[in-house]
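Student: I should like to learn how the features of a model are read, one at a time. May we begin with a single loop residue and then move on to strands, a ligand and backbone angles?

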Amino acid sequence: MTAIDPNKRAALQIEDDRTGLSIETLRRAMADNLFYIQGKYPEIATENDFYMALAYTVRDRLLKRWISTTRSYVKNDVKVVCYLSAEFLMGPHLANNLINLDIYEQVRKAVVESGLNLEELIEQEEEPGLGNGGLGRLAACYMDSLASLEIPAIGYGIRYEFGIFDQEIRDGWQVEITDKWLQWGNPWEIPRPEVAYEVKLGGHTESYTDQHGNYRIRWIPDQVVKGIAYDTPILGYKVNTTNILRLWKAEAPESFDFQSFNVGDYYGAVNKKVVSENISKVLYPNDGQVQGKQLRLEQQYFFVSCSLQNMIRIHLDRAGKSMESFHENFAVQLNDTHPAIGVAELMRLLLDEHQFGWEQAWDITQKTFGYTNHTLLPEALEKWSISLFGKLLPRHLEIIYEINRRFLDQVRLLDPYDQGKIARLSLIDETGDRYVRMANLACVGSHAINGVAALHTELLKQTVLRDFYQLWPEKFSNKTNGVTPRRWIVLSNPSLTSLISSKIGDSWIKHLEDLRQLESFVEDRNFRQQWQQIKLETKRNLAKYIQKKTGIVVNPESLFDIQVKRIHEYKRQHLNVLHIISLYNRIKHNPDLEITPRTFIFGGKAAPGYYMAKLIIKLINSVAEVVNADPHVRDRIKVVFLPDYNVTLGQKVYPAADLSEQISTAGLEASGTGNMKFSMNGALTIGTLDGANVEIRKEVGEENFFLFGLRIEEVQALKAQGYNPWNYNNSNPELKEVIDLIASGVFSHGDINLFRPLLDSLLHYDPFLLFADYQSYIDCQQQVSQAYRDQDNWTRMSILNVARIGKFSSDRSIQEYCQDIWQAQPLTIELEEYVQSKAGLKV
Ligand code: 26Q
């Protein structure tokens, strides 16, 4: 062996500290980052400083993979999936990256050797709450699966300065606190000030004749904002593929500052900056009711325009590429209608900036886009008043009129006499005030349209998108949602993960269908005992957390009955409450009643302007206050509302559940994804035949699922015939007693008016049919209680739920999207050692 040149030895050490995975290297790298990035040494460092040092140590290990990935994509001329979403609810990155890098254990040891605790450092991370609920979290699970399946992909969205509000409970009411997730810095993002685009707003259009004598349109805006890219690397599980989540921040362009400065209007210049920055300031916290606010349309257009301009730049930067082949290199998926303005924007870019003719531009546009619908609720269908739309996006309105003119001409040829159909298909709603219908724009501008569960897709075809389905049945398909087992089992439930892997190996983490092999252990007593033991251990952990956060002491041996999700009338948290009060009444009537002890756990945020949802939170807390304090109850039932439900809390909650509440009125929950997370962690479901519940029940077996409530056809029939809640109330004494008790003021310190709006709605015009499903729900809960008494058999059912849940991996969903909609192929990424040699660092 020849001696190593001392200069090279120094270089080797630098390289190793950035990429090495041995415990000693990780420990040294952390110490180094603490010093050189945080400017601290251990004696004065805060817990957060240590977290940052570790986060940068992990990020260093992502960067090499990221650069190799990007270079490979360019070299191989791949097709890239672009997932456009106004929301990405990613959850904390640190632990997830440790899992996907497969270095959790090494890092734990390195952290211990530094005198620290890994779990405590992980808890330091403030989660990026850039989404409301299901739709945003789905986008995050899909980013994990795309990378894990080695599919080239970019997630495009908005870098909100304030994400979903933090929730506090004061006197039983929800109080919203601004989410300052960026206050301690974000080590996972890399700002790319050079990746920036101008986005025009307002103004008017003009026509002109270009140098070839063609008639053209020019858009003269009255405002321009600049979008700056912030990139977060998204590493796949045990692969090198590292995709990008690219979020746009809005700023004022320098030119505007400069103009105002020249005329001496310094204040005006600064003010323009403030107005521009408003666009990416805050996430709209309502996930149902749409409001038609101008700022929301500005947000949507802003991120979509930046994203499409970015794709075009990437495309044209590739040697020999022209816009004619754009759709061969980019598949753009619209996550609901929030980015649907992209259809008009791509048309504008092709027509006005790239001088395409209409037919060719339209052909490229339709081949580029796919549209996923997430709701059937009419109030959630986005529409924008023509006047607002035309004021903000005058050129897009012209383009939409032209799309509509050509589209409706085509419809008239097929069906000239059906005026009703033409009015329904039109991109413009002219039934009253005129509006642009974003779902219609998304449908005509896409080659593929999908719902998010089998039932939901069927309903879409029969109801809101019926006319489009009749026109283009071939465009429609179902893509049942899925969730990533990396975050929702491996990361959140490590004990269950080891038990499963000790029996069947760990292939299931990438191929969730392999969990089927667990079926052969159902009759293994020892295995069942271990399974039960793990459930108890996770329940103890949650019990500790509950006590720390709420002061309520719960019994880990009781049945943990959990409903966590956004608070909505259609999700019927208040039906759950009616059951609790029914049990309470039974105990009051018969103090020695033998009932299965239960802990009812709720969590979820209400949209700040949704009064009824906030009243439901108040009701839950009020019932909790009375029930938990009543000595007659003797701890047989406990009610807990966990404040500030988010991804981090979800990771603690799903593993600890015995019973998962999925109790929406049939036909109203498009899919649900929490239902999948619970089941994956061995909870049994009580649920209606709604959304993905239908498919979950089919997979796990009807005997392992607690079904209740009206079916969709029965809901429709009941509504057609006229639903009369009074009939149920008057003929069901137990129900009447519950309602009367709430009305009496027992839960509101004697205030008989507090819950009146809720009771009025239930008794007079409840579209969610609580009373119609009440008895069926109560009976079904009785069966649950019975079943739970046979712990051994309950455990069998729990194991079978996990063994048969494989279909609901987001890997399966993404594979279906790739095959049927995106035509995207995987590309295996090899680590390129010469990355560093180019920079002159390799020895
Ligand atoms: C729209 C316009 C203006 C302001 C806000 C919005 C907005 C924002 C978020 C509208 C809807 C949302 C979120 C919807 C959502 O989360 N839907 C859920 O999507 C899940 C993933 O497909 C499904 O599992 C759920 O069933 C569905 O409710």
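Student: Leaving aside its neighbours within four places in sequence, with which residues is Ser748 in contact?

Tutor: Please keep in mind that this is a predicted model. With neighbours within four places in sequence set aside, Ser748 is in contact with Leu754 and Phe755. The residue belongs to the loop between helix H30 (733-744) and helix H31 (756-765).

Student: Is Ser748 buried or exposed?

Tutor: Buried means under 20% relative accessible area. Ser748 has 6% relative accessibility, so it counts as buried. A polar atom of its side chain lies 2.7 Å from the backbone oxygen of Asp751.

Student: Helix H31 follows that loop. Which of the residues of H31 are buried, and what covers them?

Tutor: The buried residues are Leu758, Leu759, Ser761, Leu762 and Leu763. Their cover includes helix H23 (573-589), helix H24 (611-629), helix H29 (725-731), H30 and helix H32 (770-789).

Student: How do the side chains of a strand point?

Tutor: In a regular strand, side chains alternate between the two faces of the sheet. Consider strand E10 (residues 330-335). Phe330, Val332 and Leu334 point one way, while Ala331, Gln333 and Asn335 point the other way. Because 6 of the 6 residues of E10 are buried, the strand is largely enclosed by the rest of the structure.

Student: Which strands pair with E10, and in what sense?

Tutor: Strand E1 (residues 80-84) runs parallel to E10 and is joined to it by 5 bridges. Strand E11 (residues 369-372) also pairs with E10 in the parallel sense, over 4 bridges. Gln333 shows both pairings: its bridge partner is Tyr83 on the E1 side and Gly370 in E11.

Student: In what order do the strands of the open sheet lie, and which stand at the edges?

Tutor: The open sheet has 6 strands in the order E19-E18-E17-E20-E21-E22, with parallel pairing. Strand E19 (637-642) and strand E22 (706-707) stand at the edges with a single partner strand each, so one side of each has no neighbour in the sheet. The partner of E19 is strand E18 (residues 598-603), and the two pair in the parallel sense over 6 bridges. Within this pair, Phe602 stands opposite Phe641 in E19.

Student: Which residues come nearest to the ligand, and what is the make-up of the shell?

Tutor: There are 19 residues around the ligand, of which Leu135, His374, Asn481, Glu669 and Gly672 come nearest. The shell divides into 6 nonpolar, 8 polar and 5 charged residues. Helix H7 (residues 134-148) gives the most to this shell, with 3 residues.

Student: Which protein atoms lie close to oxygen atoms of the ligand, and how much of the ligand is buried?

Tutor: An N or O atom in the side chain of Asn481 is 2.9 Å from a ligand oxygen atom. From the backbone, an N or O atom of Ser671 lies 3.0 Å from an oxygen atom of the ligand, and a polar atom of Gly672 is 2.8 Å from one. The ligand taken alone exposes 610 Å², and the protein buries 93% of that.

Student: What sign does phi have in most residues?

Tutor: Most residues other than glycine have a negative phi. Here Gln355 has a positive phi, near 55°, and Arg572 has one near 60°. Gln355 lies in the loop between helix H12 (342-353) and helix H13 (358-368), and Arg572 in the loop between strand E17 (559-564) and H23. Gln355 counts as partly exposed at 40% relative accessibility, whereas Arg572 is buried at 0%.

Note on methods:
Residues are numbered from 1 along each chain as its sequence is written. This is a predicted model: local features need pLDDT of at least 70, side-chain atom pairs count only at pLDDT 80 or more; totals for chains, interfaces and linings use all residues. Side-chain values use heavy atoms; hydrogens and water are left out. Buried means under 20% relative accessible area, exposed over 50%, partly exposed in between (1.4 Å probe, protein chains only). Two strands pair if DSSP finds at least two bridges between them. A polar contact is a pair of N or O atoms within 3.5 Å; within protein, one must be able to donate a hydrogen and the other to accept it, and residues adjacent in sequence count only if both atoms are side-chain atoms. Contact means heavy atoms within 4.5 Å. A residue is near a molecule or strand if one of its heavy atoms lies within 4 Å of it. Accessible areas come from the Shrake-Rupley method with a 1.4 Å probe; for residues, only the protein chains shown count as cover. Ala, Val, Leu, Ile, Met, Phe, Trp, Tyr, Cys and Pro count as nonpolar, Asp, Glu, Lys and Arg as charged, and the others, Gly among them, as polar.
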